[in-house]
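Let's walk through this model together, from the overall picture down to single residues. Please keep the viewer open as you read.

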Amino acid sequence: MKKTALSVLLVMIFAAFFACSASAEEAVSADAAGEFDFIAFAIQRVLPDFHPTVKLEDAQADFDEKPRDMGDGVTRARVGIYYKGWIRQHSMLVEIDYRAEDRKVRVNVLKDTNGTNLVGSRFFKDGEWVSIAAMGWK
């Protein structure tokens with residue numbers, strides 16, 4: 001009985017250690033991207049720009065491709081956004097370019113399962129660079 005409890009405790013300690021290592025690796029990716037939070041930006045700015053009626057608290061996002069340096073001071077990431085529509089679950093795949101020197105972003109929607117965007121986007125048009133300060137983003 002004591003051996004089983006000790007084994008379970010050791011497994012839990014190793015799991016916690018590896019989880020911390022993964023978090024540290026993600027933190028390095030965030031530093032490489034100039035501290036720009038692509039995931040939060042995708043949910044809080046990109047999603048409501050294309051779908052203003054979506055409840056943001058129900059939305060989730062994760063990296064399809066982690067941030068990487070594209071040269072000329074541009075960092076690019078692909079983010080999958082998952083949100084609930086009126087009838088069913090939907091997803092978007094967006095490519096976000098971030099230019100740290102002037103704090104601008106460019107968003108390209110690669111896929112959107114909800115084809116009913118009748119409003120259009122307010123900020124992100126035709127692959128133009130947009131100041132994140134103009135959107136009220138930190």
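A residue is called buried when its relative accessible area is under 20%, exposed when it is over 50%, and partly exposed in between, using a 1.4 Å probe and protein chains only. By that measure, 32% of the 138 residues of the protein count as buried. The accessible surface comes to about 9000 Å², an area from the Shrake-Rupley method with a 1.4 Å probe, where for residues only the protein chains shown count as cover. Carbon and sulfur atoms own 57% of that surface.

Some ground rules will help you here. This is a predicted model, in which local features need pLDDT of at least 70, side-chain atom pairs count only at pLDDT 80 or more, and totals for chains, interfaces and linings use all residues. Residues are numbered from 1 along each chain as its sequence is written, and side-chain values use heavy atoms, with hydrogens and water left out.

How confident is the predictor? Its own score, pLDDT, gives the confidence in each residue from 0 to 100. The protein averages 79, and 72% of the residues score at least 70. To see where that confidence varies, we need the elements: helices (H or I, at least four residues) and strands (E, at least two) are DSSP runs, numbered from the N terminus. Confidence is lowest in helix α1 (residues 2–32), at a mean of 44, and highest in strand β2 (residues 74–84), at 96. Contacts, meaning heavy atoms within 4.5 Å, add to this picture. Residues 8–12 stay under a pLDDT of 50, and the model gives them 0 contacts beyond four places in sequence. Residues 16–33 also stay under 50, with 9 such contacts.

Now for the layout. There are 2 helices and 5 strands, running α-α-β-β-β-β-β from the N terminus on. Among contacts between residues at least 6 apart in sequence, 47% join residues at least 24 apart.

The 5 strands form an open sheet in the order β1-β2-β3-β4-β5, with antiparallel pairing; two strands count as paired if DSSP finds at least two bridges between them. Because β1 and β5 (130–131) stand at the edges with a single partner strand each, one side of each is left without a neighbour in the sheet. Further in, β2 and β3 pair over 11 bridges in the antiparallel sense, and a hairpin of 4 residues joins them. Along this pairing, Val79 has Val94 in β3 as its bridge partner. Next, β3 and β4 run antiparallel and are joined by 8 bridges, with Ile96 standing opposite Val107 in β4. Between β4 and β5 there are 2 bridges, again antiparallel, and Val105 stands opposite Val130 in β5. As for β3 itself, 10 of its 11 residues are buried, so this strand is largely enclosed by the rest of the structure.

Helix α2 is a good place to look next. It is largely enclosed too, because 10 of its 13 residues are buried; among them are Phe38, Phe41, Val46 and Phe50. These buried residues pack against β1 (60–71), β2, β3 and β4. At the start of the helix, a side-chain oxygen of Asp37 reaches to within 3.3 Å of the backbone nitrogen of Ile39.

Helix and sheet come together in the largest nonpolar core, a set of buried Ala, Val, Leu, Ile, Met, Phe, Trp, Tyr and Cys residues joined through side-chain atoms within 4.5 Å. Of its 28 residues, Phe36, Phe41, Val46, Val79, Ile81, Ile96 and Phe124 touch the most other members. At least two core residues come from each of α2 (38–50), β2, β3 (89–99) and β4 (104–112), and α2 gives the largest share, with 9. Not counting residues up to four places away in sequence, Val79 touches several residues, including Phe38, Ile39, Ala42, Met92 and Ile96.

Finish at Arg103, in the loop between β3 and β4. These strands form a hairpin with 4 residues between them, where Arg103 has a positive phi of about 50 degrees. At 34% relative accessibility, Arg103 counts as partly exposed. Its C-alpha lies 6.1 Å from that of Ser131, although the two are 28 residues apart in sequence. Beyond four places in sequence, Arg103 touches Tyr98, Val130, Ser131, Ile132, Trp137 and Lys138.

Key. pLDDT is the predictor's confidence in each residue, from 0 to 100. A polar contact is a pair of N or O atoms within 3.5 Å; within protein, one must be able to donate a hydrogen and the other to accept it, and residues adjacent in sequence count only if both atoms are side-chain atoms.
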